[in-house]
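The following exercises ask the student to read a structure step by step. Each task is followed by a worked solution.

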Amino acid sequence: MSLTTFAQQAWRSRLLAFTLSERELRVRYKQALLGMAWAFAAPLGYVLVFTVFFDRTANIETFGRPYPVFAYAAIIPWGFFSQSFGRGATSIVDNLVLLNKVACPRETFVLSGIATAFVDMLVSAVAFPIVVLAFGEHFYATTFLLAPVLILQVAAAVAISLFLSAALMYVRDVRHLLPLLTQLLMFATPVVWGQAAIRQRVSGPIFDLYALLNPMATVCEAYRSTLVYGNAPDWRTFGLSSTSTAIFLTFAYWFFKRLEPGFADVA
Amino acid sequence: MSRDGHVRADQIWKRFRADRNRQLLRDEVARLRQRRKGSAAERWRWAIRDISFEVQPGESLALIGANGSGKSTMLKMLAGIMFPTYGSLTANGRIGALIEVRAGIHPDLTGRENVFMFGSLLGLKRADVRKRFDDIVEFAELTDAIDRQVKYYSSGMGMRLGFAVAAFLEPDIMVVDEVLAVGDAAFQQRCLDRMREVMAQGTTLLYVSHDLATVESMCESTLWLDQGVVRGQGPTHDVVGQYRRSVEVHAIAQHPSSGDIDVHVLRSSNGNGERIKSQGTVELDLLVQSALQRDVQIVIGFSEGSPAPIFIAQHVGTLAPGQNRFFCRLESIPLPAGEYAVYATVLDVNGRTVRSWSPIGHIEVDGLLLPPTPTGIVRLSPVVVDVSWRDGD
């Protein structure tokens, strides 16, 4: 496949991805008010559950911030990740009908799933200022430092989705493990708990390794420090996570493209 | 680089795993274990074996063959949905593929959204699609239903939409897979007309169908596939003729001869022991073997090879145990020159089938040739009649 035909295909696939996610979103937000409510419901529900169970029982160190604000800041990126994980990983298997009818680069389906999750995240973020005001907290200019973090977070979601969606075509039964995997990953990521409290007790190299293995931990902590504490993200862990994510993304894309020609054969 | 609409397949091979339906982790693990032990080589099924062809822009190629012969796999590869295992395939230009689109392209989208999505897949801008949108809706007769989700369409509506979209968005290559079967006769004819128009504009047509009459009317050349191998390739008339004869031979082979009744054509002639001529007489000498005495109705029919006869003749009689002879004389048969299969069935007095409808032999006819029909007009059965024209003054 020459470079020009690839560019052409990518252009076509952009329109297709747009149509697919547009459709998905339009159905959801058709009734603007109710649509927004759905996007708020999940993160607010999480905050409520976390506050009732984890805050009370686990006594999580929040360094003087109210727990709901502390948790919501990390739930925003985690909600995006778990949604794009769920949609992206099954996007090829879920679109077998289309797969057998139209020729397009198959990553279109993955990307449109992630685009949908991204819009949902933006909507769910709208509720954050309300929670902040309700608890009498402040807004910080460091919020704008999230721009590079957004890129890392999308790259991580694309990488894992590309890898899983291609693998899932050949080992479909693994699909049933995905919800469990998402739950486990959530507890392995500082969503309900904060990293800072543990950091005081554990040595540096272990944290470096953790940042390499779990970029979403870096992302969640970056949201927390910029939105809740008014600090800059930890650029060291950010650099480590970005490096490992770039490597994994390259591998995942290669893996996906290698398996892609066979998708229709097993559809 | 060759021109848009040019299609070239060069020694295409395509294989599938023999156990296609299961894609589970435990199967993969079992396969890995087997491979490590070195036992059992992986099992593959070849769907396409060494197929080559070339279609020039504006030409049309039909793919025919029995179910499972690899036609749809071939089309999917042409459309870029599947990829050949070996060999090279080039299809230049925009490909409008109509593969399994009976229910539209995406069932959850409305008709309107489907049109735009299909357009974007073909590489058209939204403005380009908008320009042709009204034509599409009008052709598909979907004015009232265009904003409804396609999953609520009837199969006919889905097919009409799919066809209209593929035919009006001006692809360089149009790939049509057996879609016309769902439409009513009037719409089928409009589709054929539209395909002819599109071809006149230089679009290449690749067409898969079991309907040999439309194949004959639409395509100049035909590729006959049989279990993934080319059985015939060339001008449509020749290849379709070969294919029809093979269908007849296959039907004879399939028919269980062990029943308690059997019918054969012993001899066929024009009644004077000479060769049969168009619009002449045919005399068939039939041998009917029966195990018991019974009253029956014998029906014979003449066809081009398929079980659908051009015309039939019937006779009510009594069979004695053992061999019975019947002579059937048909006057001025309207058949043009060619080979025809003779089919027969035997029914009892209650209309129950004693011997099922299958070939009992064939006849050869000399003489008149059929006048060619224009592209896009489907002749139902080959019949010649005497015609005279007179210019008015």
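**Exercise 1: The surface and build of chain B**

The accessible surface of chain B amounts to about 19600 Å², and 49% of this belongs to carbon and sulfur atoms (Shrake-Rupley method, 1.4 Å probe; for residues, only the protein chains shown count as cover). This is a predicted model, in which local features need pLDDT of at least 70 and side-chain atom pairs count only at pLDDT 80 or more, while totals for chains, interfaces and linings use all residues. Residues are numbered from 1 along each chain as its sequence is written, chains are lettered from A in the order in which they are written, and side-chain values use heavy atoms, with hydrogens and water left out.

Task: State how many helices and strands chain B has, and what percentage of its residues is buried.

Solution.
Step 1. Chain B contains eight helices and 17 strands (DSSP runs, numbered from the N terminus: helices are H or I with at least four residues, strands are E with at least two).
Step 2. Of the 393 residues in chain B, 48% are buried (buried is under 20% relative accessible area, exposed over 50%, partly exposed in between; 1.4 Å probe, protein chains only).

**Exercise 2: The salt bridge between the chains**

Task: Determine which side chains form the salt bridge between chain A and chain B, and whether each is buried or exposed.

Solution.
Step 1. One salt bridge is counted between chain A and chain B (a side-chain nitrogen of Lys or Arg within 4 Å of a carboxyl oxygen of Asp or Glu).
Step 2. Its partners are B:Lys14 and A:Asp265, at 2.7 Å from N to O.
Step 3. B:Lys14 lies in strand 1 (residues 7-17) of chain B and A:Asp265 in the segment after helix 12 (235-259) of chain A, so the pair joins two chains.
Step 4. B:Lys14 is buried, at 2% relative accessibility, and A:Asp265 is buried as well, at 14%.

**Exercise 3: A salt bridge within chain B**

Task: Explain why the salt bridge of B:Arg275 and B:Asp366 ties together separate parts of the sequence.

Solution.
Step 1. The closest N and O atoms of B:Arg275 and B:Asp366 are 2.8 Å apart.
Step 2. B:Arg275 lies in the loop between strand 10 (261-269) and strand 11 (276-277), whereas B:Asp366 belongs to strand 17 (residues 353-366), so the pair ties together parts that are 91 residues apart in sequence.
Step 3. B:Arg275 is partly exposed, with a relative accessible area of 47%; B:Asp366 is also partly exposed, at 26%.
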